[in-house]
Amino acid sequence: MNAINGIISQPSPYSVTETVERLEAILQAKGITIFARIDQRAEAEKVGLSLRPTQLLLFGNPEAGTPLMVAEPTIALDLPLKILAWEAADGKVWLSYNDPNYLKQRFSLSDELVKNIAVIAPLVNQALR
């Protein structure tokens, strides 16, 4: 699993909607707040444009995110955490998210603080099972 431009993308065996629903169920079971689910395809259709299935999920835990924003306020540009489920031209579905190590470098976070957002990879792996 390589990060390209700070983004990790993993293939999903499920549709975009099912992928996001699986992730939402895991987050809810763990008590993680879901701030928004944006169906970008539906929004495109509202203005007469077409887009392959694309959904963005914003989620987090204020207990984990707040210390990061105290240490580096501009990390709020990348928090809450986001995961994008999208369908490629070949019909393959992907889950993409910011690599925690990229965010660590971008915002000069300590190893201790980056642990607060490193939880994203195990959550993704669980959703893709």
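This report walks through a predicted model of a single protein chain, from its overall build to its empty spaces and a few individual residues.

## The overall build

Let's start with the parts list. The chain has six helices and six strands. Reading from the N terminus, the elements come in the order β-β-α-β-α-β-α-β-β-α-α-α. So two strands open the run and three helices close it, as the order β-β-α-β-α-β-α-β-β-α-α-α shows.

How does the radius of gyration of the chain sit against that of a compact globule? For 129 residues, a compact globule would come out near 14 Å, and the chain has 15 Å, so the two agree. If you prefer to picture a box, the C-alpha atoms fill one of roughly 40 × 35 × 30 Å along the principal axes. Of the 129 residues, 38% are buried. Take the contacts between residues at least 6 apart in sequence: 64% of them join residues at least 24 apart.

## The stretch with a UniProt label

An unreviewed UniProt entry places the feature "domain: DUF302" at residues 38-100. Over that stretch the model is 29% helix and 35% strand. The C-alpha atoms at the two ends of residues 38-100 are 22 Å apart.

## The largest pocket

Now for the empty spaces. A general idea helps here: rolling a probe the size of a water molecule over the atoms shows where empty space is left.

The largest pocket holds about 260 Å³ of space. Its lining is made up of 18 residues, and G60, N61, P62, A64 and G65 are the ones nearest the centre. Which elements each supply at least two residues of that lining? They are strand β4, residues 54-60, and helix α3, residues 62-71. Helix α3 gives the largest share, with five residues. Sorted by class, the lining of the largest pocket has 12 nonpolar, five polar and one charged residues.

## The one cavity

Searching the whole structure turns up one cavity of 30 Å³ or more. The largest cavity contains about 30 Å³ of space. Around it you'll find D78, L81, K82, Y97, N98, L103 and I120. Strands β5 (81-87) and β6 (93-98) each bring at least two residues to this lining. By class, that works out as four nonpolar, one polar and two charged residues.

## Backbone oddities

A few spots in the backbone are worth a visit. One is the peptide bond from L79 to P80, which is cis, with omega near 5 degrees. P80 sits in the loop between α3 and β5, and β5 is one of the strands that help line the largest cavity.

Next come N5 and S108. N5 isn't a glycine, yet its phi is positive, at about 55 degrees. You'll find N5 in the loop between β1 (3-4) and β2 (7-12). S108, also a residue other than glycine, has a positive phi near 50 degrees. Its place is the loop between α4 (100-106) and α5 (111-114).

Are N5 and S108 buried or exposed? A residue counts as exposed when its relative accessible area is over 50%. N5 has 70%, so N5 is exposed. S108 has 67%, so S108 is exposed too.

## Two buried residues and their contacts

To finish, look at E24 and A88. E24 belongs to helix α1, residues 16-29. Buried means a relative accessible area under 20%, and E24 has 15%, so E24 is buried. Which residues does E24 contact, leaving aside its neighbours within four places in sequence? They are I34, R37 and L57. E24 and F59 are 35 residues apart along the chain, and their C-alpha atoms are separated by 9.1 Å.

A88 lies in the loop between β5 and β6, and those two strands each supply at least two residues of the cavity lining. With a relative accessible area of 14%, A88 is buried. Not counting residues up to four places away in sequence, A88 touches R52 and W94. A88 and V47 are 41 residues apart along the chain, with 21 Å between their C-alpha atoms.

Methods: Residues are numbered from 1 along each chain as its sequence is written. This is a predicted model: local features need pLDDT of at least 70, side-chain atom pairs count only at pLDDT 80 or more; totals for chains, interfaces and linings use all residues. Side-chain values use heavy atoms; hydrogens and water are left out. On a 1 Å grid over the protein atoms alone, a cavity is a set of points where a 1.4 Å probe fits but cannot get out, and a pocket is an open set with protein on both sides within 12 Å along at least five of seven lines; lining residues have an atom within 4 Å of a point. Grid points are joined across faces, edges and corners, and a volume is the space filled by probe spheres set on the points. Helices (H or I, at least four residues) and strands (E, at least two) are DSSP runs, numbered from the N terminus. Ala, Val, Leu, Ile, Met, Phe, Trp, Tyr, Cys and Pro count as nonpolar, Asp, Glu, Lys and Arg as charged, and the others, Gly among them, as polar. UniProt positions are given in the numbering used here, feature names are shortened, and annotations may be inferred rather than shown by experiment. The radius of gyration is taken over C-alpha atoms; the globule rule is 2.2 Å times the number of residues to the power 0.38. Buried means under 20% relative accessible area, exposed over 50%, partly exposed in between (1.4 Å probe, protein chains only). Contact means heavy atoms within 4.5 Å.
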